[in-house]
Amino acid sequence: MIQKCFALWVAIYFASCGFLFAQGKILSQMPKELLRPGYKKAAFQVGNYNIKLPSEIMKRHGQDLFLSRVMYQLDPAVYARTSAKNDARILISLRQFVQDYQKFHSQLPALAANISSQVFKGDIPYEKYLPTDLKTLYLGEVHNIPGVPHEVRALLRALPKLYPNRPIYLATEFVPADEKNPFSLDNVLTQPKQVADYLQGTRRFVRPVLYEAVNAGIGVIGLEEEHALFRKVWREVKSFPNEGQYIEYATSFDGMRFRNRAWARRLRALRAAQPDALIVVYAGFAHVGYHRDFSLPRLLGKDAFVMLFTTPDFLKYNNPLFRYLREDDTICKQFRSSKNAKLVESWKKATPLKKILGADMTVIMPAQK
């Protein structure tokens, strides 16, 4: 009976929210005053700690850090076992941002000179950007931007030609994991009907991406352990959790760590089963950005190439340090000249500073109205 109730709850919940997480919290649920300029506080209250960062950082990024870190605290009255650990992870992340900020500004001229920018009004020639010996490709997006799934589909169509004679898999948070059985390649979705049957009863906005993958010969693997996550929240709140409690934990620092570690286990199993495969991981950028706490590239190590799909409006949420990078007038005019224009930013030379900005390549889509 519990299993049936849970399955019904999950179907209703995911049908209604459609994976609208944008860098964690659902943006439509954020208080409007937090999305406007003017965060004036001199310190952050995280649990029992009053955190004072350098005044310059608080002045420039107080709101950024509140929206990306501090607001993800858990209510200790509800999450008695986890809230303190979650607070500790927030403190570590704040300290890491201070270090990144200082290193970024100490090398800003050289960093900016190493960024190549180009506008495309048609297909992006991904072969110019992707390594020939690519092992794991991370596609990090801002959720619910209409143009992003379309561009991801274009990339997936190109991959079999770029990497011939190699098995390719799309592992994604947008498909629930098979939690009943040990990982097996036999459970990979390879046909449109399998995708349709697997996601029956839910409205997932990335369905066209999944169909594109299987039609291109790319197998689809679910990463999100929805049942395990639900049981985790149930243990924490000591009652059948409601939608708000589920979202609060899933997007907290502790919840993101829990989810990413589960995904990493499945990706390790996939790599063990197919050592020569190209694994494409498609998820929110908060899960895959180099600079994010316990992101998948951090958990799984080398052989990563991270791409960010975003819009100008969301760059500051992807990473507050993007605020300091400006394109010249020629690039800006090209980008604004067409609603189909896409701005691609990449590194001219390999640099460890990519770990601070978070990606090897960024695809910036037109702003959504």
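Which residues in helix 2 meet which residues in helix 3? In this predicted model, E56, I57, R60, H61 and L65 are the residues of helix 2 that meet L94, F97, V98, Y101 and H105 of helix 3. By class, the contact of helix 2 with helix 3 has 6 nonpolar, 2 polar and 2 charged residues.

Two packed helices are described by the angle between their axes and the distance between the axes. For helix 2 (residues 55-68) and helix 3 (residues 83-106), the packing angle is about 125°, and the axes lie 12 Å apart. Because of that angle, helix 2 is oblique to helix 3. The crossing of helix 2 and helix 3 is right-handed.

**The sheet**

An open sheet is formed by 8 strands, which follow the order 3-9-10-8-4-7-5-6 with mixed pairing. Its edges are strand 3 (115-120) and strand 6 (219-224), each of which pairs on one side only, and the twist from one strand to the next averages 20°. Helix 14 (residues 329-336) packs on this sheet, where it touches strand 3, strand 9 (342-347) and strand 10 (361-364), and the direction of helix 14 makes about 30° with that of strand 3.

Strands of a sheet pair through backbone hydrogen bonds, either parallel or antiparallel. The table lists three of the pairings, with an example of facing residues for each.

| Strand pair | Bridges | Direction | Residue pair |
|---|---|---|---|
| strand 4 and strand 7 | 6 bridges | parallel | Y138 and V281 |
| strand 4 and strand 8 | 6 bridges | parallel | G140 and L308 |
| strand 8 and strand 10 | 4 bridges | parallel | L308 and T362 |

Strand 4 covers residues 136-141 and strand 7 covers residues 278-284. L308 of strand 8 appears in two of these rows, since G140 stands opposite L308, while the bridge partner of L308 in strand 10 is T362.

**Strand 8**

Is strand 8 (residues 304-310) mostly covered or mostly uncovered? Strand 8 is mostly covered, with 7 of its 7 residues buried. In a regular strand the side chains alternate between the two faces of the sheet. In strand 8, A304, V306, L308 and T310 point one way, whereas F305, M307 and F309 point the other way, and the residues of both sets are all buried. L308, which belongs to the set that includes A304, V306 and T310, is thus a buried residue with a bridge partner, T362, in strand 10.

Terms used: Residues are numbered from 1 along each chain as its sequence is written. This is a predicted model: local features need pLDDT of at least 70, side-chain atom pairs count only at pLDDT 80 or more; totals for chains, interfaces and linings use all residues. Side-chain values use heavy atoms; hydrogens and water are left out. Axes are lines fitted to C-alpha atoms, for helices over the stretch in contact, and angles run from 0 to 180 degrees between N-to-C directions. Helices (H or I, at least four residues) and strands (E, at least two) are DSSP runs, numbered from the N terminus. Angles under 35 degrees count as roughly parallel, over 145 as roughly antiparallel, 65 to 115 as roughly perpendicular and the rest as oblique. A crossing is left-handed if the near helix is turned anticlockwise from the far one by less than a right angle, and right-handed if clockwise. Contact means heavy atoms within 4.5 Å. Ala, Val, Leu, Ile, Met, Phe, Trp, Tyr, Cys and Pro count as nonpolar, Asp, Glu, Lys and Arg as charged, and the others, Gly among them, as polar. Two strands pair if DSSP finds at least two bridges between them. Buried means under 20% relative accessible area, exposed over 50%, partly exposed in between (1.4 Å probe, protein chains only).
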